[in-house]
Amino acid sequence: MGIITLDLGTTNTKVACYTRGLRPIAVESKAVAYIHVNGFVEFDAKRYFNEIVGLMRSCVQKSAAVPEWHPDQLVITGQAESLVVTNAHGEPLRNGISWLDMRSRSECDELSAIFDKDTCYRITGQPEIIPTWPLTKILWLKHHEPECFQNAAKFLLLKDYIIFRLTGSFIGEHSIYPFSHYFDIVYKTYWEAPLEHCGVDVSRLPKLVEPCSVIGEILPDMRAMTGLPPACLVNAGTLDHFAAMIGTGNTVQGIVSESAGTVSSIATLVENPFSAATHVPVYCGPFKGSYIYLPVCESGGISLEWFKNAFLPETSFADLDARCSQKAIDPRLTFLPYLTGVNPPEFDPNATGVFFGATIAHDAYDFALAIMCGVACLLRKNIENLQSSGIAFEKIISTGGGAKSALWSQIKADICGLPVAVPAEEEAPSLGAAIIGAVSCGYYATYEAASEDCVRMKTIYYPDPANSQVQRQYRLFCRLYDSLGPVFSEFPSNG
């Protein structure tokens, strides 16, 4: 018995093998090879899959030494929006287009002129039409590569393509399709109006199933190439963000998961997809009938990365953290972390980063500490936006590079007024995918039972009620943004 997982990450592709008790026994990883041409970001889909096969084969060979290990399921997780265009036999007609690719800005304008924001939000759960969405890339292909567009039998998301190569079935699952901008999150069907505008019939899209559904057996030639046994079934799994939630024990309402990476995001389970006070991005969750609010803050961890690389290039993050730990927080020195505009809850693309309250006494480490506080304030603003809808939170579970900083985690706890828990397992998406397989196979009766058995917290940071400085800074942070809103509008991002 056992589980094998496949994580289709943006940076790395990862395969991991687990025992019945969800103990990891082998892990293989490989960086994704992107093709950067004329500002486009593409990848060779065939090469991508062949590298997956190699990772699986190596992982299976390593796990063979473990007595009685044979995988009952292969569970897939990973990114959502990357697009693969194929013929009727599933052969790619061109390079895959990464979600990182921003080529379709004019197509966004075209679609936004036809489909208003409120309609889009009430159907797709997305408040904006942005170049990330596959819908805009499909329209770009129609405009710029008409022959490829006409010959395309299937427009697949990356996970769909991998499922097809493994099973021979064109299948997509609900949790990744809200990222397409042609999926109705209420009725769990394709939204045909924008597809018709692009000239795409739903027959050119995969069949949709619930997340974490078992698709079927692995094709014989794939079994021969990977070493997986005939009895191993493919499970469609869920989005990597949602698998990470499962892998950190966030399987019930009242918990916020924070991914503290280059781009920060927070996620929480809800019952009603449209209960938020503002247009918070909402998605179909990993469990049947569930939804997840997932605000993304593009100016999260990247703010500290930008500052370190630009002003302290010879300083490591560990040294930066140590020096900042020796500093006292100055509530006057405040940073608005809007280096890439404002995501939720305001959605202001013209906003910019701002340092306020600098004096001659401040040095580079004071500014770095202010950045940590500013990102924590942005986290609190998003949490308060969700709380205004009646959602009550007990704690924050923090993962990613930022969670490695004890100082930053404590600042977040103090500013947000909630405990911040950092899991012991850093590979949360893979563990979450393994839990999905374990529950599907009946190793555990529920996700909660599996989490209780195998999810551990390394550290929990509790808010310090005596730390009034951070509360003063949060008040200043909010007043600053409110005051600068009109100024941002006077200097739009396009100059």
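**Close-up 1. Pairing of strands S7 and S9 in the predicted model.** In this predicted model, Val 84 has Leu 156 of S9 as its bridge partner. The bridge belongs to the antiparallel pairing of strand S7 (residues 83-86) with S9, which extends over four bridges. Strand S9 (residues 154-157) is covered on both of its faces, with Lys 154 and Leu 156 buried on one side and Phe 155 and Leu 157 buried on the other.

**Close-up 2. The six-stranded open sheet and the helices packed on it.** The strands of this open sheet follow the order S3-S2-S1-S6-S15-S14, and their pairing is mixed. Its edges are formed by strand S3 (24-31) and strand S14 (214-217), each of which pairs on one side only. From one strand to the next the twist averages 20 degrees. At the S14 edge, three bridges join S14 in the antiparallel sense to strand S15 (residues 233-239), and Gly 216 has Val 234 of S15 as its bridge partner. Helix H9 (residues 240-247) packs on the sheet and touches strand S1 (3-8), strand S6 (73-78) and S15, with a direction that makes about 95 degrees with that of S15. Helix H14 (residues 428-441) also packs on the sheet, where it touches S1, strand S2 (12-18), S6, S14 and S15, and its direction makes about 140 degrees with that of S1.

**Close-up 3. The surroundings of Met 225 in helix H8.** Met 225 lies in helix H8 (residues 220-226) and has a relative accessible area of 33%, so it is classed as partly exposed. When neighbours within four places in sequence are left aside, Met 225 is in contact with Val 53 and Arg 57. Met 225 and Val 53 are 172 residues apart in sequence, yet their C-alpha atoms are 6.8 Å apart in space.

**Close-up 4. The crossing of helices H11 and H12.** The axes of helix H11 (residues 317-325) and helix H12 (residues 364-387) come within 9 Å and cross at roughly 95 degrees. Because angles of 65 to 115 degrees count as roughly perpendicular, H11 is described as roughly perpendicular to H12. Leu 320, Asp 321, Arg 323 and Cys 324 of H11 make the contact with Tyr 365, Ala 368, Leu 369 and Met 372 of H12. Sorted by class, this contact of H11 with H12 comprises six nonpolar and two charged residues, with no polar residue.

**Close-up 5. Aromatic pairs, with Tyr 338 and Tyr 481 as an example.** The structure holds 23 aromatic pairs, including an edge-to-face pair formed by Tyr 338 and Tyr 481, whose rings are 5.5 Å apart centre to centre with 75 degrees between their planes. Tyr 338 lies in the loop between strand S21 (334-336) and strand S22 (354-356), whereas Tyr 481 lies in helix H16 (residues 468-490), so the pair ties together parts that are 143 residues apart in sequence. Both Tyr 338 and Tyr 481 are buried. Elsewhere, ring pairs link Trp 306, Phe 307, Phe 311, Phe 335, Phe 355 and Phe 367 into a cluster.

**Close-up 6. Helix H13 and the glycine that follows.** Helix H13 (residues 406-416) is mostly covered, with nine of its eleven residues buried. The buried residues of H13 include the nonpolar side chains of Leu 407, Trp 408, Ile 411, Ala 413, Ile 415 and Cys 416, and Ser 409, Lys 412 and Asp 414 are buried as well. After H13 comes Gly 417, which has a positive phi, near 70 degrees.

Definitions and conventions. Residues are numbered from 1 along each chain as its sequence is written. This is a predicted model: local features need pLDDT of at least 70, side-chain atom pairs count only at pLDDT 80 or more; totals for chains, interfaces and linings use all residues. Side-chain values use heavy atoms; hydrogens and water are left out. Buried means under 20% relative accessible area, exposed over 50%, partly exposed in between (1.4 Å probe, protein chains only). Helices (H or I, at least four residues) and strands (E, at least two) are DSSP runs, numbered from the N terminus. Two strands pair if DSSP finds at least two bridges between them. Axes are lines fitted to C-alpha atoms, for helices over the stretch in contact, and angles run from 0 to 180 degrees between N-to-C directions. Angles under 35 degrees count as roughly parallel, over 145 as roughly antiparallel, 65 to 115 as roughly perpendicular and the rest as oblique. Contact means heavy atoms within 4.5 Å. Rings of Phe, Tyr and Trp (its six-membered ring) pair if their centres lie within 6.5 Å; planes under 30 degrees apart count as stacked, over 60 as edge-to-face and the rest as tilted.
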